[in-house]
Amino acid sequence: MSLVGIVMGSTTDLPVMEKASTQLREFGVAHTLDVMSAHRNPAKVADWASGAADAGYKVLIAGAGRAAHLPGVVAAHTPLPVIGVPCLSDHLGGADALYSIVQMPPGVPVATVGIDNARNAAILAMQILALSDADLAGRLARFRAEQAEKGMEHREIPAEDPDRGFGFQPG
Ligand code: RP5
């Protein structure tokens, strides 16, 4: 059964939203990918989002660009947590989508990640799933530990070569 439902407003968003799918696949989390637009297929979106909880989904990820109303419309039709991904378009540097998604009025939240950051949406979705899945929580903890290791570097700089430390030139 698919636990995460990924939906996007257009196939234009696919290169971005596929990154969420790749991240979920890496952790073995079953999910679906759908393309449907809040303005071109409004009835389909309402239908999909209304039925998502009964279909077994636990978290939904919705990505869209421009006047990105899809995540908010999805959130309006489901009690499930919805994570919005603002997708970059050729106008306004993605700020249009970011503001549209993050500025949901109080009462119907959409957890919003950064522009084009579908990978973070997948990680956040898995963190939500991990609240009731100890095995997934363990894998996420290992993932965090690996990142911590990659984020640090230690270099031994011999006294006779004091310039060779992260490109830092002592002044
Ligand atoms: C939005 O408009 C979509 O989410 C997409 O990011 C953008 C452009 O869609 P297309 O006109 O390329 O289908 O609805």
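## Helix packing and the parallel sheet

Helix α5 (residues 118-130) packs against helix α6 (residues 134-150) at an angle of about 135°, and their axes lie 8 Å apart. Because of that angle, α5 is oblique to α6; angles under 35 degrees count as roughly parallel, over 145 as roughly antiparallel, 65 to 115 as roughly perpendicular and the rest as oblique. Axes are lines fitted to C-alpha atoms, for helices over the stretch in contact, and angles run from 0 to 180 degrees between N-to-C directions.

This is a predicted model, in which local features need pLDDT of at least 70 and side-chain atom pairs count only at pLDDT 80 or more, while totals for chains, interfaces and linings use all residues. Residues are numbered from 1 along each chain as its sequence is written. Helices (H or I, at least four residues) and strands (E, at least two) are DSSP runs, numbered from the N terminus.

Met126, Gln127, Leu129 and Ala130 of α5 meet Leu136, Ala137 and Leu140 of α6, where contact requires C-beta atoms, placed from the backbone, to lie within 7 Å. Helix α5 also lies across β1, β3, β4 (82-87) and β5, and runs at about 165° to β3.

The sheet beneath this description is open, with 5 strands in the order β2-β1-β3-β4-β5 and parallel pairing; two strands pair if DSSP finds at least two bridges between them. Strands β2 and β5 (111-112) stand at the edges with a single partner strand each, so one side of each has no neighbour in the sheet.

Strand β1 (residues 4-8) pairs in the parallel sense with β2 (residues 31-35) over 5 bridges. Strand β1 also runs parallel to β3 (residues 59-65), joined by 5 bridges. Bridge partners of β1 residues include the following.

| Residue in β1 | Partner strand | Bridge partner |
|---|---|---|
| Valine 4 | β2 | Histidine 31 |
| Glycine 5 | β3 | Leucine 60 |
| Methionine 8 | β2 | Valine 35 |

Strand β1 is mostly covered, with 5 of its 5 residues buried; a residue is buried if 20 or more other C-beta atoms lie within 10 Å of its own, exposed if 12 or fewer, and partly exposed in between, with C-beta atoms placed from the backbone. Val4, Ile6 and Met8 point one way from β1, whereas Gly5 and Val7 point the other way. In a regular strand the side chains alternate between the two faces of the sheet.

Conventions
Two residues are in contact if their C-beta atoms, placed from the backbone, lie within 7 Å.
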